[in-house]
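Grab a coffee and let's look at this one together. We'll go from the outside in.

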Amino acid sequence: MIAVRLEKEPASGHSQARIDSRVGAALIATSGHGDEEHNIQGQNIEPTPELTTYNIKLGWIQGVLIPCLLNIWGVMLFLRISWIVGQAGICLTVLIIFLSGVVCVITTLSLSAICTNGLLKGGGVYYIVSRSLGAELGASVGIIFAFANAVAASMNTIGFCESLNDLLKSFDVKIIDNGMNDVRIVGTIALFVMCVICAFGMDWETKAQNFLVVIIVVAILNYILGACLGPTNNSERAQGFVGISVETALINLGPDFRYSDNQQHNFFSIFAMYFPAVTGVQAGANICGDLRNPATAIPKGTLLALGLSMFSYLVMAVLCGSGALRDASGNITDVTSGTIDACIPNCQYGLHNNYEIMQLMAQSSAFIYAGCWAATLSTALTNLLSVPRLIQALGVDRIYPGLIFFSKPYGKHGEPYRGYVLTFFVSLVFLLIADLNTIAPLITNFYLASYALINFCTFHAGLIQSISWRPTFRFYNTWLSLFGFLICIFIMMIISWAMALVTFFIFMTLYLLVLYRKPDVNWGSSTDAQRYKDTVSALVQMSHMHENIKSYNPQLLVLAGRPNNRPALLDMGHIITKLGSFMMVADVIEEPISQTERVGRLQAGEEWLLSRKDRGFYVVLDGLPFEMGVHAVIKSTGLGSLRPNVMLIGYMNRWARCAVTSVRTYVRVLQHRAPRGTIPVKKNTIVKYDTNEIALQCISVMNGNRLAFEEQLGVSILRVPETARPVKAHVTRSAHELRAHHHVQDLLFADSDADLPHHERSNDGAQSSHPELGIVVKENVPSFHDSDPNKHTPVSSLSMRKSGVYKPLTFSSDNDLDAWWLYDDGGLNILLPYIIARRGFTEKMPLRIFALTRDCNDIQDSEKQIKALLQKFRIEYSSLIMIQGINEPPLQASVEYFNQLIKKFRTDFGSDILISDAELERLSNKTNRHLRLRELLIEHSYMASFIVLTLPYPRLGSVSATLYMSWLEVLSKDLPPMLFVRGNDETVLSV
């Protein structure tokens, strides 16, 4: 029985995460907009705020049906449908309308499924795609769609100007030339007026739409009535309107593609001209943030608008083909002689030649002019209304920094006035082209690309079947959405492969820009769901695979505590893992902490890693002594094959001045075999925690605490004096790897026990108690270099980061990295310096390798064999130096320095912490080796920028904690930044 007393934390609706202020400032900092951006942020608490709507909420008729009808009943209805019938004939025109309808219906079904899968806010197609497929695709499609709508506004404005010019021309009235210049002048004025109407708010725009849709309906009925009644005089017949008849319908049944507008037309070029007419199906979705219930309004209003508009286009196309000729001379005498079309190919009237033939066929041309103006202006009005709101959504979500300026809301309705100004100028640029037939095919590819992505969203979400995919709209099909996606891509390529490639290039540029910026957003998209499923599948698959040495990567467990306390340790972890690996950063806290504080530490650690682009994870463990906490972290971190295989820990700089029990705990984390229990207790011991004193009084441990080496982890210890802070499974080897490993063992010593008698190479374990921590009086330990007048401490090339918080490790090609390959540990002590020198930085560092061989081997033969091994392992290096004289006695100054260092840690009895005379005598040869090695380090690597040195093997029971730390001290004191490395004897170098 174990009794544990828990303190219940007070309930709280909000958990305040104590995130480093520097990280928070870095995350919200943007360039160039000052207080305006902060005002925008102030209105949105969430890190990636959604575009919120304001007071006006519209129903499905006012908000979806009428905008969709006005968008679809656009410039093509009165100015180009007759020309399309003349080129394609009745049958192909019906096919074009049907094919466009299929694309739009499938897209509408897909759009409806997405719209009914959760709450919709402002942003239209951008919001829908970004929340379904992620910010990268959503933002790219949003920009393309906003651009297409802006150009569509200019196209419809040009249509209005063409119709007005024709009317003025009939009265011999003109502004300049009754041509393109007049279109540009009138169009600019009309565009400005419409932007002003939209900027006044939704209520003004809604009232204008109601008036316009009535005019269009009256104009359509007026045309149908006039076509059914037939021509009233020979003048109308001479211009091609001969009345509805089967004979005329049969003549116009087939296609008659001709050369027009500098190109020979075909089915797909005519399709490209018509398709912008049906691009209004997204009109309701564009203002989804202003709808009362978008989930039901968008499907109902869009499908009904699509059905009504397709029916009206079919009726008007059939009436054109059945009641008018393709060519007519306009000469009344030709009517009586039956040679109306004798003027081919120089006719001025008829379906092919006269865009205004619908005015001729209507009961009253005035209603057709009014309907044409209403259709074009209403579509332009709807487009101009949607673009600024889409830009506002992109700016508020902070996807593209350049759009943040245009996202500022004004007034009680939050109108994006700056967005209207941007939209006006974009539309004006294309308005100045003043040619309807040039602009229409241009935007067709952009609309098709947007529709393709909408269909792909639904297909992807339906295929992944994430838990959050629960649309209330059931009349959709996953594979039908895939068909819609493919047919949109196919039509894009057929219409114009060059424009399709341009569209694709623009899309990829926008996509890669967002991918590069990596916005901090998480919207639960289907892409995230796909990534999660793929990750889980890969983890499960990897856990069942046999490991191979060729796939080895150093996966670090970094005992860094709070990241901002030991930044140099994380710098080194980042250098090692930045290409293809990862690190687990552990924060082991001995005192129990609250859930709120734990969440705060986790968030602060994750934000720190994210802000520095470190490939790592952050874990917090509290309520256990450090040794047991590290044991728990080693046992529990990682999933499957993604488990740490190297432990990286900072050097204990103050080991000579802190409690000796802390030194013992530090060394135990590294040692090969730990004691079977820290405090032996009887069975059924009561464990009591005091939340005030945070002290562990006793603990029951039935099994051994095996750390670091015992858990098959390699160990690395980093000592960087300039940035130091106070410290508060088996691999399957092939025959080639085994032979190479044995060759290394023949050349190098297996351990720092080299040339010592066998009885000194003890591997016995020992048990010890864990008394309360004591405090040792601070005592300065001098360096034996202090008397050297020329002494200076070499440092790495360090540069302060802009935050001024710490000095990151930075190296260049002018810095030397010295790797001392002293003992065989499986190759980790040569692999890590290779990674640091060749992959850790933009510029490769010169890598000097110092090798120590057995005395029985000839130095030249050993050098040749070492070079052959390095070549076999594909290790690039600048020079290889063979170390000699390691077994020579150290200088007297070195011995005196060491004796002074350990003076206060001497004891007369055996201890696993302090140094006894017997232990010192027993390990004198090994101590002398380390002192001699220090002298060699000073001789060869004193001016190096970084040193990687083989870590002495820390066997428990063989060496006391303070003696082991004394060895590390003499090996690294007054030397450049040093990384001690020791593998777990598993081969990590592949041949």
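Q: How much accessible area does the nonpolar surface patch with Ile-176 and Phe-200 have together?
A: This is a predicted model, so local features need pLDDT of at least 70 and side-chain atom pairs 80 or more, while totals for chains, interfaces and linings use all residues. Numbering runs from 1 along each chain as its sequence is written, and side-chain values use heavy atoms, without hydrogens or water. The patch also includes Ile-175, Ile-185 and Phe-192. Its accessible area adds up to about 720 Å².

Q: Is Ile-176 buried, partly exposed or exposed, and why?
A: You'll find Ile-176 in the loop between helix H7 (135-170) and helix H8 (180-199). Buried means under 20% relative accessible area and exposed over 50%, with partly exposed in between (1.4 Å probe, protein chains only). Because its relative accessible area is 46%, Ile-176 is partly exposed.

Q: Which helix gives the largest share of the largest nonpolar core?
A: That core has 148 residues, and Phe-78 and Tyr-274 are among those with the most contacts inside it. (A core joins buried Ala, Val, Leu, Ile, Met, Phe, Trp, Tyr and Cys residues through side-chain atoms within 4.5 Å.) With 17 residues, the largest share comes from H7.

Q: Why do the buried residues of helix H30 lie on the same side, and what arc do they cover?
A: The buried ones in H30 (residues 892-902) are Ser-894, Tyr-897, Phe-898, Leu-901 and Ile-902. An α-helix has 3.6 residues a turn, so residues three or four places apart point the same way. These buried residues sit on the same side of H30 because they cover an arc (directions from the helix axis to the C-beta atoms) of only 120°.

Notes:
Patches are made of residues with over 30% relative accessible area and no salt bridge: like charges are joined within 9 Å, nonpolar side chains (Val, Leu, Ile, Met, Phe, Trp, Tyr) within 5 Å. Accessible areas come from the Shrake-Rupley method with a 1.4 Å probe; for residues, only the protein chains shown count as cover. A salt bridge is a side-chain nitrogen of Lys or Arg within 4 Å of a carboxyl oxygen of Asp or Glu. Helices (H or I, at least four residues) and strands (E, at least two) are DSSP runs, numbered from the N terminus.
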